[in-house]
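Let's take a friendly walk through this protein, from its inner spaces to one of its helices. Have the model open as you read.

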Amino acid sequence: MKSVTRSLRILEAVAQHQPVTVGELTKLFGLPKSTVQRTLVTLNEAGWLRANRKDTTRWEIGARVLAVRPAALQGSSLFAAAREPMIRLRDAVNETIHLSVPDALQCMVVVDRVDCDHAVRTFHTIGDTSPLHATATGRAILAHLPRTDVDELIDRGLESYSESTPAEPDLLRAELERVRADGYAVNRNQYRPDVCALAAAILDESGTPLAAVVISMPDSRYDAERLPEWGRLVADTAAEIAGRRMGT
């Protein structure tokens with residue numbers, strides 16, 4: 001049992017400090033380097049950890065961990081409340097609808113999806129992650145977080161994924177002001193090429209964002225004139241999910 005406990009603690013430490021080296025973990029736990037390395041390799045083989053793409057000497061959380069959270073959410077009040085409204089939203093716009101939750105300020109994680117019937121459509125695997133600042137789903141969440149959280153995200157650095165990514169602090173803050181004013185966020189090719197989305201936050205009783213519901217479509221079907229209509233639909237769906245979750 002000691003080895004299981006040690007593995008879980010190392011897994012938690014990687015999640016907290018990622019990307020992290022063997023040496024850093026050795027110092028943190030006061031364990032032999034060989035013991036930490038062996039544990040990391042075992043967790044990697046099981047899919048719980050992976051080597052960082054830019055620096056393979058550093059470790060980070062793997063896809064298996066990200067997939068567990070969506071599975072756990074399936075019995076939650078949020079998941080149950082969201083399913084039917086998501087289907088109705090899909091029927092109204094005939095585009096892919098997905099539900100994403102924030103993993104602190106690290107990323108957004110897709111936890112549910114309802115597909116449209118177009119032959120060409122966007123696709124999001126359950127467990128997929130995306131950055132908060134570069135996506136509609138992430139900015140829908142950021143717009144409802146305290147300014148200190150937004151400042152913390154900005155201080156970490158904003159990666160640019162396309163020419164239109166709001167990777168400058170002033171640009172991001174201006175985008176978040178628009179989200180608060182409109183009630184929904186818009187992403188046109190700001191993260192992935194030819195992928196557009198509109199998203200609205202699902203808030204709890206205190207106004208804290210729990211998740212975001214999203215309309216996702218290829219750029220070929222994006223129509224700026226329909227933004228007010230789509231925005232109203234996604235915002236109304238988010239409000240309905242919040243109400244159903246609270247039993248109102």
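Which element supplies the largest share of the lining of the largest cavity? The answer is E5, with three residues. Please keep in mind throughout that this is a predicted model.

## The enclosed cavity

The count of cavities of 30 Å³ or more comes to one. Its volume is about 210 Å³, and 19 residues line the space. If you would like to find its centre, look for His-98, His-124, Ser-130, Thr-135 and Tyr-191, which lie nearest to that point.

Several elements share in this wall: strand E4 (96-103), E5, E6, helix H6 (136-142), E8 and strand E9 (209-218) each supply at least two residues. By class, the lining of the cavity divides into eight nonpolar, nine polar and two charged residues.

## The largest pocket

Now turn to the open space. The largest pocket has a volume of about 1,400 Å³. Its lining is made up of 33 residues, and the closest to the centre are Arg-50, Glu-60, Gln-106, Cys-107 and Thr-129.

Helix H4 (63-73) gives the most to this lining, with four residues. At least two residues each come from E3, H4, strand E5 (107-114), strand E6 (129-130) and H7. E5 and E6 thus appear here as well as in the cavity wall. The pocket lining has 15 nonpolar residues, along with nine polar and nine charged ones.

## An aromatic pair

Tyr-191, met above beside the cavity centre, also takes part in an aromatic pair with Tyr-161. The count of such pairs comes to one. The two rings are edge-to-face, with 4.9 Å centre to centre and 85 degrees between the planes.

Where in the chain do the two partners of the pair sit? Tyr-161 is in the loop between helix H7 (147-156) and helix H8 (169-182), while Tyr-191 is in the loop between strand E7 (185-188) and strand E8 (195-203). The pair links distant parts of the chain, 30 residues apart. Tyr-161 counts as partly exposed because its relative accessibility is 33%, between the cut-offs of 20% and 50%.

## Helix H2 and its buried face

Finally, look at helix H2, residues 22-29, where Val-22, Leu-25 and Thr-26 are buried. Viewed down the axis of H2, the buried residues fall within an arc of 105 degrees, so they line one face of the helix. Residues three or four places apart point the same way because an α-helix has 3.6 residues a turn.

The buried residues of H2 pack against helix H1 (2-17), strand E1 (20-21), helix H3 (33-45) and strand E3 (58-61). After H2 comes Gly-30, with a positive phi near 65 degrees.

Methods. Residues numbered from 1 in each chain as written. Predicted model: local features only at pLDDT ≥ 70, side-chain atom pairs only at ≥ 80, totals over all residues. Heavy atoms only, no water. Buried < 20%, exposed > 50% of the residue type's maximum accessible area, 1.4 Å probe, protein only. Arc of directions from axis to C-beta. Contact = heavy atoms within 4.5 Å. Phe/Tyr/Trp six-rings, centres within 6.5 Å; stacked < 30°, edge-to-face > 60°. 1 Å grid on protein atoms, 1.4 Å probe; cavity = no way out; pocket = protein on both sides within 12 Å on 5 of 7 lines; lining within 4 Å. Points joined across faces, edges and corners; volume = space filled by probe spheres on them. Nonpolar A, V, L, I, M, F, W, Y, C, P; charged D, E, K, R; others polar.
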